[in-house]
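The following exercises are to be worked through with the sequence and the coordinates at hand. Each task is followed by a stepwise solution.

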Amino acid sequence: MATATHTLYMSELRRVWASQKDSAHDLAHVKRVWHNCQTIAQAEGADLRVLHPAALFHDIINPPKSSPKRSEASYLSANYAAEYLKTTRYPAALLENVHHSIHAHSYSANIRPETLEAQVLQDADRLDALGAIGIARCFAVSGQLGRTLFHPTDPMAKDRELDESTYALDHFQTKLFNIAETLCTSTARVMAAERVGFMRQFCETLTDEAC
């Protein structure tokens, strides 16, 4: 993508996020998702003209995890991106795909991605919830929500019910491990397998150290 266009988009994102204090959804997250998009798109043949603004603006409206508006975040972000892009020289014919791609990326929104670009963005974002980065982000969010790291005597919930609202590690089993099964593209599924393997090894090591 043209450097000037990328700089323009990032400037708008920084302006909107000037007071943002969410380490799991920050500029580094956006850059990782854009990098994932480029990797997947190259293999799958997706249109980077759509994915570039979609990746950069996919979380531009980012209510707190505890906010009742959280489930609307992807729709609000899609609307913001589309309206902003109309003020630039962005091709009008691609706006609908950008809007849909952003709207459909959200796990909680549970929207089926209807275009290849929407599939790629959804996969790129979900990959960032896996692996070492996914572990770090999970514990960062859990810390914000006041959750304990893990159950002191049964970290992997072998003899108790899972309770992600209390224990951060339980989120691995209630959601994160399942994410790999929701990925759309074969490229992302290969990437996810390695990341999930690392997470399972982390859980084994943590259990050994904790008990």
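**Exercise 1. Determine whether Ala 157 is buried or exposed, and characterise its backbone.**

Step 1. Ala 157 has a relative accessible area of 14%, and is therefore buried; buried means under 20% relative accessible area, exposed over 50%, and partly exposed in between, with a 1.4 Å probe and protein chains only.

Step 2. The model is predicted: local features need pLDDT of at least 70, side-chain atom pairs count only at pLDDT 80 or more, and totals for chains, interfaces and linings use all residues. Residues are numbered from 1 along each chain as its sequence is written, and side-chain values use heavy atoms, with hydrogens and water left out.

Step 3. Ala 157 lies in the loop between H7 and H8; helices (H or I, at least four residues) and strands (E, at least two) are DSSP runs, numbered from the N terminus.

Step 4. Ala 157 is not a glycine, yet its phi is positive, at about 55°. Most residues other than glycine have a negative phi.

Step 5. Asn 110 likewise has a positive phi of about 55° without being a glycine. Asn 110 is placed in the loop between H5 and H6 and, at 67% relative accessibility, counts as exposed.

**Exercise 2. Locate Met 156 and list what it touches.**

Step 1. Met 156 is in the loop between helix H7 (131-144) and helix H8 (170-179). Its relative accessible area is 18%, so Met 156 is buried.

Step 2. With residues up to four places away in sequence not counted, Met 156 touches Leu 169, Gln 173, Cys 203 and Thr 207; contact means heavy atoms within 4.5 Å.

Step 3. Met 156 and Ser 186 are 30 residues apart along the chain, and their C-alpha atoms are separated by 29 Å.

**Exercise 3. Describe the overall fold and dimensions of the protein.**

Step 1. The secondary structure comes to 9 helices and 0 strands, and from the N terminus the elements run α-α-α-α-α-α-α-α-α.

Step 2. The C-alpha trace spans about 60 × 35 × 30 Å along its principal axes.

Step 3. For 211 residues, a compact globule would have a radius of gyration near 17 Å, and the 18 Å of the protein agrees with this. The radius is taken over C-alpha atoms, and the globule rule is 2.2 Å times the number of residues to the power 0.38.

Step 4. Of the 211 residues, 47% count as buried. Among contacts between residues at least 6 apart in sequence, 63% join residues at least 24 apart.

**Exercise 4. Which residues have the most contacts inside the largest nonpolar core?**

Step 1. A nonpolar core is a set of buried Ala, Val, Leu, Ile, Met, Phe, Trp, Tyr and Cys residues joined through side-chain atoms within 4.5 Å.

Step 2. The largest such core has 52 residues, and Cys 37, Phe 57 and Phe 172 have the most contacts inside it. Helix H9 (residues 186-210) gives the most to this core, with 7 residues.

Step 3. Phe 172 counts as buried because its relative accessibility is 0%. Leaving aside neighbours within four places in sequence, Phe 172 is in contact with Ile 135, Cys 138, Phe 139, Phe 177, Met 199, Phe 202 and Cys 203.

**Exercise 5. Analyse the aromatic pairing around Phe 172 and Phe 177.**

Step 1. Rings of Phe, Tyr and Trp (its six-membered ring) pair if their centres lie within 6.5 Å; planes under 30 degrees apart count as stacked, over 60 as edge-to-face and the rest as tilted. By this rule there are 7 aromatic pairs.

Step 2. The pair of Phe 172 and Phe 177 is edge-to-face, with 6.0 Å centre to centre and 85° between the planes. Ring pairs link Phe 139, Phe 172, Phe 177 and Phe 202 into a cluster.

Step 3. Phe 177 counts as buried, at 10% relative accessibility. The charged end of Arg 200 sits over the ring of Phe 177, 4.0 Å from its centre; the criterion is NZ of Lys or CZ of Arg within 6 Å of the ring centre and within 35 degrees of the ring normal.

**Exercise 6. Against which helices do the buried residues of H5 pack?**

Step 1. In helix H5 (residues 95-104), 7 of the 10 residues are buried, among them Leu 95, Val 98 and Ile 102.

Step 2. The buried residues of H5 pack against helix H3 (48-57), helix H4 (73-86) and helix H6 (116-127).
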